[in-house]
Amino acid sequence: MRSWAITGAARGIGLEFVRQLALDKEDLVFAMVRNKERATHLIPIAEANQNVLVLEADATDYEALKAAASRVSEVTGGKLDVIITNHARTGSGTRYWTPITQMCVYCNMWRIAIAYRVNTVGAMHVINAFLPPLRAGTMKHIVAISSAAGDLDLVLRSRENLLAAYAASKAALNIVIAKYAANLRSEGFMCVPLNPGMVNTDETSVAARASLSPLLPVAPLGSTDAL
Ligand SMILES: NC(=O)c1ccc[n+]([C@@H]2O[C@H](COP(=O)([O-])OP(=O)(O)OC[C@H]3O[C@@H](n4cnc5c(N)ncnc54)[C@H](OP(=O)(O)O)[C@@H]3O)[C@@H](O)[C@H]2O)c1
């Protein structure tokens, strides 16, 4: 039996992770959401699959995350194999897409602070809260869903000038995950930031409406070899 915990599981990519992982009835899937009542697509999946448990925790609330990790430990006997930190403040709202040179300084600062708080620090909160059961687990995998937006080389080559706050928070996330890899490698951990590519979720719809640059084929940002 493998055990998985996934943040941002109410919709988008996180929801699809849960749906697919639930297919293996030997596995246990902890689907983490901000608000169960609003998780209208997830709840029917959990009701139909006894191996899916829904937990509530905001990624900016460390105490709530620790409580969720304790609940996981109660169910699994103190172990967790894989954490997938997938949640993000992505980019709904067209002003999020304003080119950096057209953002006012204060709005820009505010957007960057929010993006860091959720996407970078929030991921650290998630990983730190779940480290005790991960250390006791067999697989010891830490997966962070990142983005090509945070890939320096790709931004320079594509000249993509939008989504500055989101991109900066994802670039920081990549470094943060590399630091976890450096710290935890000797304990047998694999820590990897993954770029999912363009996926048809709410975020992607906004991108389409904003007439973004053509979709770019991109490789995963990290691999076990790289880290
Ligand atoms: N879709 C793409 O094309 C694409 C491309 C590159 C990277 N990504 C990355 O892939 C991941 C998933 O993207 P997506 O398109 O599925 O996003 P999405 O549809 O916008 O879903 C984002 C999820 O994150 C949750 N979330 C937001 N703030 C949170 C917080 N403070 N605490 C806990 N959860 C929070 C949301 O919860 P609520 O449901 O409660 O709002 C939602 O479930 C993100 O990390 C994104 O950056 C996506």
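In this predicted model, a polar backbone atom of Ile145 sits 3.4 Å from an oxygen atom of the ligand. Two other residues also make polar contacts with the ligand. For Asn86, a backbone N or O atom lies 2.8 Å from a ligand oxygen; for Arg11, a polar side-chain atom lies 2.8 Å from an oxygen atom of the ligand.

Now step back to see how the ligand is enclosed. On its own the ligand has 910 Å² of accessible area, and the protein covers 94% of that. Helix H1 (12-21), helix H6 and helix H7 (202-209) are the elements that each give two or more residues to the surrounding shell. That shell holds 26 residues, the closest being Ile13, Arg34, Tyr166, Val199 and Thr201. By character, the shell divides into 10 nonpolar, 10 polar and 6 charged residues.

Next, turn to the protein interior. In soluble globular proteins, nonpolar side chains tend to be buried together. Here the largest nonpolar core has 31 residues, and Met32, Leu80, Ile83, Phe130, Ile142 and Cys191 have the most contacts inside it. Strand E2 (28-33), helix H3 (62-76), helix H4 (105-136), strand E5 (141-145) and helix H6 (164-184) each contribute two or more residues to this core. The largest share, 7 residues, comes from H4.

Ile142 is a good residue to click on. Leaving aside residues up to four places away in sequence, Ile142 touches Ile83, Ile127, Leu134, Leu184, Phe189, Met190, Cys191 and Val192. Apart from this core lies another, of 21 residues, including Trp4, Leu42, Ile45 and Ile145. That brings us back to Ile145, whose backbone makes the ligand contact we began with.

Notes. Residues numbered from 1 in each chain as written. Predicted model: local features only at pLDDT ≥ 70, side-chain atom pairs only at ≥ 80, totals over all residues. Heavy atoms only, no water. Core = buried A, V, L, I, M, F, W, Y, C linked by side-chain atoms within 4.5 Å. Buried < 20%, exposed > 50% of the residue type's maximum accessible area, 1.4 Å probe, protein only. Helix = DSSP H or I, 4+ residues; strand = E, 2+ residues; numbered from the N terminus. Contact = heavy atoms within 4.5 Å. Near = heavy atom within 4 Å. Polar contact = N/O pair within 3.5 Å; in protein donor to acceptor, adjacent residues only side chain to side chain. Areas by Shrake-Rupley, 256 points an atom, 1.4 Å probe, with all protein chains shown as cover. Nonpolar A, V, L, I, M, F, W, Y, C, P; charged D, E, K, R; others polar.
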